[in-house]
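Q: I would like to learn how to read a few features of a structure, beginning with accessibility and moving on to metal sites and charged pairs. Could we take them one by one?

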Amino acid sequence: IELLSEGQLNKQNKSLAIVDIDEFSAINGALGHEFGDCVLKVVSGRLANALPDCLIARVGSDVFGILGPSDKVNPITLHGTFSETFLVSGELLRLSATIGLVRLEEHPEYGSELLKDAHVALKRAKNSARGSSVYYSEPMGEDARKRVELLNGLREALHGNQLFLMYQPKVHLDDASPSGLEALLRWRLPSGDMIPPDQFIPLAEQSGLIIPIGTLVLKTACNYLAELRNQGHQDLVMAINVSQMQLREPDFLEILDEALDESGVPPEKVELEITESIAADDLKRITHSLSEIMERGVRIAIDDFGTGFSSLSVLTQLPANRLKIDRSFIDDILQDDRIARMVINLGQSLNLDITAEGVETAEQREALIGLQCGEAQGWHFARPMEGPACLEWLKGR
Ligand code: C2E
Ligand code: MG
Ligand code: MG
């Protein structure tokens, strides 16, 4: 950092790179820490050889910082040093690296700020592909700053009652009578602006905040269902979105049991929605925790079905009661109903109930009735509503 400080650093034609060795923790795990240490030595030796006039420092467990002339510190030279196999304690090893770079003269910062910029670029590179490299740019930094702000805001939101649930009715397709509700999370800033879940839920997942938020959602939704049941709506099923991180938490079942006990709603009236992409990853573990959930009588729905990449064999192994056809296929259904038709047939042969998401028109509804789809959800029937409005809506049916 000292060498990057103002006064010390001549930025002319210089670049800073952060080089992160891919899969290093896997190497460490499989071959041991001692071997891992040797890998680092061999890599740093190779880098030093290839970049004689550059400054090389270890800035993280498997991360090197390199400062030097831009004709040396660039993706071609850096990736080049990884192109030949490495010899590590008698073993031949193929390695690659993901790299974040900063062209120093293009940016006004100094010191740790430059290092931060390089890390922002590295993160971008990691998100795109292993073995890639990305140069830092101003908009990237702006983006990263916004994310940090949003995350801080989300922490406050959780403790300051800015998070709340809306409920969207689901209906039996044949007579449009209500079959259940889906709880949908909302974030309203003190200014009144709403932040859409597609923006803050990924952030909550990355930061681990989804755990306390998910618990709040589970309990609030169950309590609301209990209230509806008190008002005479005994048949409704409450669908609740649950993210993969929550399922992986060892005490998820405990939280679920608590939500059921405290509200007193029957487990069969609660349905947890998980997305198909969730299901593909880490199949054994997820399958196990889904079975435990189903043993309690709680139902499982596969959300946004058709958009993920899981194979059909994954689907046959997954404990589930329902498939929700993704909205995008309902959008297309009047032009091309092949996917909707296929998912409905698939559900029938696997003995799964089917819900069509995002039904917006009477024509779409007719098409789905023709395909013998059982349940639907969408603006054609009802939009998501806050608790009291939803209760009013139900009274009108
Ligand atoms: P999802 O579970 O697939 O939820 C359905 C989304 O479609 C909701 O968007 C809903 O408002 C919207 N929608 C329903 N009917 C229509 C329609 O006819 N037309 C159109 N254009 N849209 C319709 P929303 O509320 O923005 O939620 C987006 C996603 O955020 C959800 O997708 C879900 O994956 C996630 N999410 C929402 N609440 C939670 C939560 O409490 N926990 C977790 N983990 N994820 C949540
Ligand atoms: Mg859902
Ligand atoms: Mg969905």
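Q: Is Asp304 buried, partly exposed or exposed, and what is its relative accessibility?
A: Buried means under 20% relative accessible area, exposed over 50%, and partly exposed in between, using a 1.4 Å probe and protein chains only. In this predicted model, Asp304 counts as partly exposed because its relative accessibility is 25%, whereas Glu357 is buried, with a relative accessible area of 11%.

Q: What should I know about the numbering and the model before going on?
A: Residues are numbered from 1 along each chain as its sequence is written, while chains are lettered from A and ligands numbered from 1 in the order in which they are written. As the model is predicted, local features need pLDDT of at least 70 and side-chain atom pairs count only at pLDDT 80 or more, whereas totals for chains, interfaces and linings use all residues; side-chain values use heavy atoms, with hydrogens and water left out.

Q: Which residues are the protein donors of the magnesium ion (ligand 3)?
A: Donors are N, O and S atoms within 2.8 Å of the metal (3.2 Å for Na, K and Ca), and sites may look incomplete because water is not among the atoms. Here Asp303 (OD), Asp304 (OD), Glu357 (OE) and Glu357 (OE) are the protein donors, lying 2.0 to 2.5 Å from the magnesium ion (ligand 3). Asp304 in strand β13 and Glu357 in the loop between β15 and α15 (362–370) are 53 residues apart, so that this pair links distant parts of the chain, where helices (H or I, at least four residues) and strands (E, at least two) are DSSP runs numbered from the N terminus. Asp303 also bridges the magnesium ion (ligand 3) and the magnesium ion (ligand 2), which lie 4.1 Å apart.

Q: How many salt bridges does a search of the whole structure find?
A: Side chains of opposite charge can pair when their charged atoms come close. A salt bridge is a side-chain nitrogen of Lys or Arg within 4 Å of a carboxyl oxygen of Asp or Glu, and the search finds 23 of them.

Q: Which parts does the salt bridge between Arg299 and Glu271 tie together?
A: The two side chains meet at 2.9 Å, N to O. Arg299 lies in strand β13 (residues 299–305) and Glu271 in strand β12 (residues 270–275), so the pair ties together parts that are 28 residues apart in sequence. Arg299 counts as buried at 18% relative accessibility, and Glu271 counts as buried at 1%.
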